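Hi,

Here is the structure I promised to pass on to you. Have a look at it first, and then read on for my notes.

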Amino acid sequence: MERALSLFRQMVEKDICPNVDTYSVLVKGLCDVGQRAVIILALMEKRGFVTDMSVYELLIDGLLKLDRSEEAISWLTPLIKRGVSRQKLATIPLVDYLRNSASEKLVLNL
């Protein structure tokens, strides 16, 4: 992962603009090794990229794997504000997690 982050830094230093796929790979990789991918998401949005559903899914799944369910839940708000349908929200890992936990009422209120 360090090599990927180093390459990313080099791209930015040389004014090579990373695309959504580059950011997605970094989010997934950071989540897989237990590091904070939220920083990459914030950088992505700061640079004007519109974060798509797949990036949020990667981030939420990674946070759940790190046992950070409250932080994962907090990422539902931007999705809801963007008008993501209940049917689409039902496909993300967080909803399955909540269905299997004591937080079922939260899922029903979405």
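Let me begin with the cysteines. This is a predicted model, and the disulfide count in it comes to 0, taking a disulfide as a pair of cysteine sulfur atoms within 2.5 Å. Two cysteines are worth a look for their surroundings. Cys 17 counts as exposed because its relative accessibility is 59%, over the 50% cut-off. Cys 31, in contrast, has a relative accessibility of 9% and so counts as buried, the limit for that being under 20%.

Now the overall picture. The chain has 9 helices and 0 strands, so you will find the pattern α-α-α-α-α-α-α-α-α when you read along the sequence. Of its 110 residues, 35% are buried. Among the contacts with a separation of 6 or more, 50% are between residues 24 or more positions apart. The accessible surface comes to about 6800 Å², and carbon and sulfur atoms contribute 53% of that.

The part I spent my time on is helix α2, which covers residues 20-32. I looked at how α2 packs against two other helices, α3 and α4. Two packed helices are described by the angle between their axes and the distance between the axes.

Take α3 (residues 38-46) to begin with: its axis and that of α2 come within 9 Å and cross at roughly 165 degrees. An angle over 145 degrees counts as roughly antiparallel, and α2 and α3 are therefore roughly antiparallel to each other. The crossing of α2 past α3 is left-handed. On the α2 side the contacts come from Val 20, Tyr 23, Leu 26, Val 27 and Leu 30, and on the α3 side from Ile 40, Leu 43 and Met 44.

Then there is α4 (residues 53-65), whose axis lies 9 Å from that of α2, at an angle of about 10 degrees. That is under the 35 degree limit, so α2 and α4 are roughly parallel. Here Ser 24, Val 27, Lys 28 and Cys 31 of α2 meet Val 55, Leu 58, Leu 59 and Gly 62 of α4. The buried Cys 31 is thus one of the α2 residues in this contact.

One more residue from that group: is Ser 24, in helix α2, buried or exposed? Ser 24 counts as buried, because its relative accessibility is 13%. Leaving aside residues up to four places away in sequence, Ser 24 touches Val 55 and Leu 58, both of which belong to α4.

Happy to talk it through whenever suits you.

Best wishes

Methods. Residues numbered from 1 in each chain as written. Predicted model: local features only at pLDDT ≥ 70, side-chain atom pairs only at ≥ 80, totals over all residues. Heavy atoms only, no water. Buried < 20%, exposed > 50% of the residue type's maximum accessible area, 1.4 Å probe, protein only. Helix = DSSP H or I, 4+ residues; strand = E, 2+ residues; numbered from the N terminus. Contact = heavy atoms within 4.5 Å. Areas by Shrake-Rupley, 256 points an atom, 1.4 Å probe, with all protein chains shown as cover. Axes fitted to C-alpha atoms, helices over the stretch in contact; angles between N-to-C directions. Parallel < 35°, antiparallel > 145°, perpendicular 65-115°, else oblique. Left-handed = near helix turned anticlockwise from the far one by under 90°.
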